[in-house]
Structure formats: structure tokens, C-alpha cells
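The following note is offered for a colleague who wishes to review one helix pair and the ligand site. The points are numbered for ease of reply.

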Amino acid sequence: MEGSERIGGRVYTHRFGTAHDAPYAELGAMRIPSSHELTMRYVKKLGLESALRPFRTILSDDNNYVTTGKGFVRVKDAAAPLLADLHGLLPAARRASYKEHTLLFGAWLTALVRAVAPAELRDNLASELTTLLPLADDTDLTPYVHGVRADRLHLGPVFRDHPGLRAGCSPRLCGFLDDLLLETDTDLMCLSGGMSRIVDRLAERLRAPVLMGHEVVTLHAERDRAGVELRVGGRELTRAFSAVLCTLPFSVLRGMALTGIDDDKREVISSVEYGAATKVALHCRDAFWEADGTRGGASATGGRARQTYYPPCEGDPAKGATLLGSYAIAEDADLLGRFPAQVRHAAAVEELSLLYPQLKEPGAVLDAASIAWAGNRWSNGCTSRRWRWGRDAGRCADEMRRAARPQGRLFFAGEHCSATPAWINGAIESALTAVTEIDEALKGAR
Ligand SMILES: Cc1cc2nc3c(=O)[nH]c(=O)nc-3n(C[C@H](O)[C@H](O)[C@H](O)COP(=O)(O)OP(=O)(O)OC[C@H]3O[C@@H](n4cnc5c(N)ncnc54)[C@H](O)[C@@H]3O)c2cc1C
């Protein structure tokens, strides 16, 4: 039962046109870490393995741009201005005492946090560095230095190989590092043709069709059955089942009337935090950034737009190309999300035109599409990721167990009920667990 008129939820490939090779943009999930074994397993199961392509992430291309005190600078030339920016953040007495590689570590970490993290973490960076850099100074960073000028640093492996470095981070930054390092990993994949292909293939395999436009408005948990009240085309319907699996985000569920739910479950449903995210995709007449030397990856454009991705141009160039002009989270997304779509699109174009004046040429932007996940009534937020930032592993495991715990014959799944919240992998993981539990419960009843 799907409340909206589209299947896929937060996996959402928007297509600019109906042709099979129309340019598209990922307004929801866009990359699959190779380590996400369940997502990869389903990609293979659904016959999509040959569509897997490397996903080039933020600042991964030498020609991507990063915002520095000197303005936009290519990644390949960014080390010197980033080091100069870092100097400005550190007390003069301290900066002279750090080793060269420690400063490089600080400069690239600052660039990444500024590119991807919420404003709160960006603003706190100077104090984070005061405790983090002395620890980095005691670490041999030589094996992680790379680039023709030996002025780049592989941050993911540094943190993986030296877990003690995290001791220098605040709990908030520490929690965010997992996502930051995963999102900027070199081992990410995407799907040629769009992530929604996973959803479409899965739907084809279902024994019964997904019932679209079936909005769940109330759930009743009972010992040996579960009831669902629905709104379908303005009519109210009530259904009872021997078991129900609820995958609604808790941000939606907490607005509903629920019966048969115990106090602990109500508490966890109401307390899981959801972050905001916005994406603005621009359908451009041509991939002008390629003429400029950029063949993929993403720029840290900063401002309100935050991150700008250059998806691969797969189809007929005559149909144009997609630029994911803006990907923002947290406070920045709250702001962009408040704008009506047209204003949001214009704001993204205006800001990006400082870097790409071509966007202002007549006919350069053919169309735009965007989403503000916090204002989307079917998810009321981006993902549940914020609830675990700053919490230890034991507490996260406990919250996951509480979120997934069934109530009578009402079972729960979704990214928020998993050990990998905020990722597709988590949604699959929790669904597989819940299905086993349902099987057991129904077997026991027979
Ligand atoms: C901007 C963004 C970027 C992301 N990037 C990545 C990424 O790169 N890689 C990755 O792995 N993950 C990513 N994710 C996370 C990933 O998309 C989610 O973790 C995953 O899709 C969640 O699946 P789910 O089934 O838990 O929830 P959803 O996909 O949200 O499914 C819930 C479904 O319930 C429906 N629904 C809601 N309310 C009702 C109602 N009242 N009645 C009936 N139906 C209802 C919704 O329409 C939706 O179809 C991203 C998410 C966002 C928003």
C-alpha cells in the first residue's frame, strides 16, 4: 500500500522527458558503497549488475572546484589556498609547531567538512582542530599523501587506520565522520539509467501490484492481527490482516493515530530525529562543464547551493545534460526548502552562475526539478541519520532494536530500524529481519 502516486520513496530518479535515454537526476539516493553488501546483492539479484558504474564523489576530480579564501579553486591547485585558510583558523603559536603533513591533514579535513557538513559542524571546526591536530601530529601520515605535488591526503584511510584520532573529535563530528568518509570514499557505485531501476525491477517481481494512492491514516496493533485504516481517493477503508509490515518513516508515523502501541515504542517513534535535504537538478542544453575540463565528481560550491555534482552524460548529447546544481542538508536545506520550487531553482542558478556564467545565457537551462525532503509529506525529512550523531555504538544498537521491535502483529522496517540508517542498505537489512519475524509469528500461529 503506497500513499503517493509514485513507488520508490526516497529512491527517486527524475527524468527530463519520456525518451528512454532522457537525461535524469537523482533527487534521492544516488550512490551505493561497495561495502553495502545487501544493496549490492539486490542489484545483482535484479539483473542490474552490468549497469553498475563507479560513482565519482565530491572533490574526486582534479578539475572540481573548492571554495577557499581566494574564491573558487580547482582541486589540483587547492592545497596552498586551503593551507592558508587553515592558518587563519589556528592560533599563530600553534601553527608553526605542526608538521607539514599534519597541516595538510587539517587543510583537507577542513575542506571536506566545509563541503559536506551541516553549518553547526562547519562553525565549530576551529575548536575541533585544536584537539585533533596534536593527535594527527603524533601519527605518521606519510603513507596517505598523494598527488603529483604530494599535497593531497587520503582522509578515509587515515581515520580507518588510526581510530585513536577520533578521540580528538567532538561526539557530533565523530558521528558525522562515518557518513562523511563513506560519502567521500573512492569505492562508491551508481546505476546507469538511474537508481529507480532497482525499484522498477523489484516491483515487476511482486506477486501483486503495489496499491498506489492508498494512504495509511491509522494503524491498530493487536496480539493476533493488525488493522489498517486507509484513505483511497477520498474514501475511508478499514482492513485487517494477520500481519502488517509498516515501513513508514517515523516522521510520518508519529502524526497518525495508533492503537495497541506501548509507551516505549511511542517514545522511540516520536523521538527519532530526521534531517533536512534539498536537491536542485538543472537540465542544461549541453554539458558546458566538460568543455571546462570537468568530467565528473562534484564541486564544493558552498553558499546555499553547497555541493554541485556532474553526473555522467549517458544519452544523446542533443537531449542535453543534467547538472545536480545543488545538494544541501541540515540548516542550508531548511532555508532552500522554504522557498517555492521556482524561487529555489532561480536561487541555485544565480549562485552557480558566479562559477558558471554560461548558466545565464538564454536557453542554457532547459528545465529544472527539485525536492525539499523535509517538506515532502511522505517522508517529512531526509533520513533518520541525525538521531545517531554523537551517540556511542551501544546506544545506537539499542535505539535500532527499539525502533524495529514489533507490536503484536504490527512489524516495523525501514532505514530508521537498521544498523545502517540513512542508507538503502539499512532499509533492506531491516526488511529482511522483519520478514523472518513475520514468518516465525505466522508459523507459530498455525
Ligand atoms: C537526498 C537523499 C540522498 C540519499 N542518498 C543516498 C545514497 O546515496 N545511497 C543510499 O544508499 N541511500 C541514500 N539515501 C537514503 C535512502 O534513500 C533511504 O535510506 C531509503 O530509500 C529509505 O527506504 P525506506 O523504505 O526506509 O523509506 P522510504 O523510501 O521513504 O519508503 C517509505 C514509503 O512509504 C510511503 N508512505 C509514506 N507515508 C505513507 C502513508 N501515510 N501511507 C502509505 N504510504 C506512505 C512513501 O511514499 C514511501 O514510498 C538518501 C536519501 C535522501 C533523501
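1. In this predicted model, helices α4 and α6 cross in a right-handed manner. Helix α4 spans residues 100-116 and helix α6 spans residues 125-137. Their packing angle is about 145 degrees, and the axes lie 10 Å apart.

2. The contact between the two helices can be listed by residue. From α4, the participants are Thr102, Phe105, Gly106, Leu109, Thr110 and Val113. Their counterparts in α6 are Leu125, Leu129, Leu132, Leu133, Ala136 and Asp137. Sorted by class, this contact comprises eight nonpolar, three polar and one charged residues.

3. Turning to the ligand, 32 residues surround it. The closest of these are Glu2, Arg10, Arg31, Val216 and Glu415. By class, the shell around the ligand holds 17 nonpolar, nine polar and six charged residues.

4. Which elements each supply at least two residues of the shell around the ligand? They are β10 (214-221) and α16 (424-445). Strand β10 gives the most to this shell, with three residues.

5. Several polar atom pairs deserve inspection in the viewer. The side chain of glutamate 2 places an N or O atom 2.6 Å from an oxygen atom of the ligand. Backbone atoms also take part: a polar backbone atom of glycine 3 is 2.9 Å from a ligand nitrogen atom, and a backbone N or O atom of valine 216 is 2.8 Å from a nitrogen atom of the ligand. Of the 1000 Å² of accessible area that the ligand has on its own, the protein covers 94%.

Conventions. Residues numbered from 1 in each chain as written. Predicted model: local features only at pLDDT ≥ 70, side-chain atom pairs only at ≥ 80, totals over all residues. Heavy atoms only, no water. Axes fitted to C-alpha atoms, helices over the stretch in contact; angles between N-to-C directions. Helix = DSSP H or I, 4+ residues; strand = E, 2+ residues; numbered from the N terminus. Left-handed = near helix turned anticlockwise from the far one by under 90°. Contact = heavy atoms within 4.5 Å. Nonpolar A, V, L, I, M, F, W, Y, C, P; charged D, E, K, R; others polar. Near = heavy atom within 4 Å. Polar contact = N/O pair within 3.5 Å; in protein donor to acceptor, adjacent residues only side chain to side chain. Areas by Shrake-Rupley, 256 points an atom, 1.4 Å probe, with all protein chains shown as cover.
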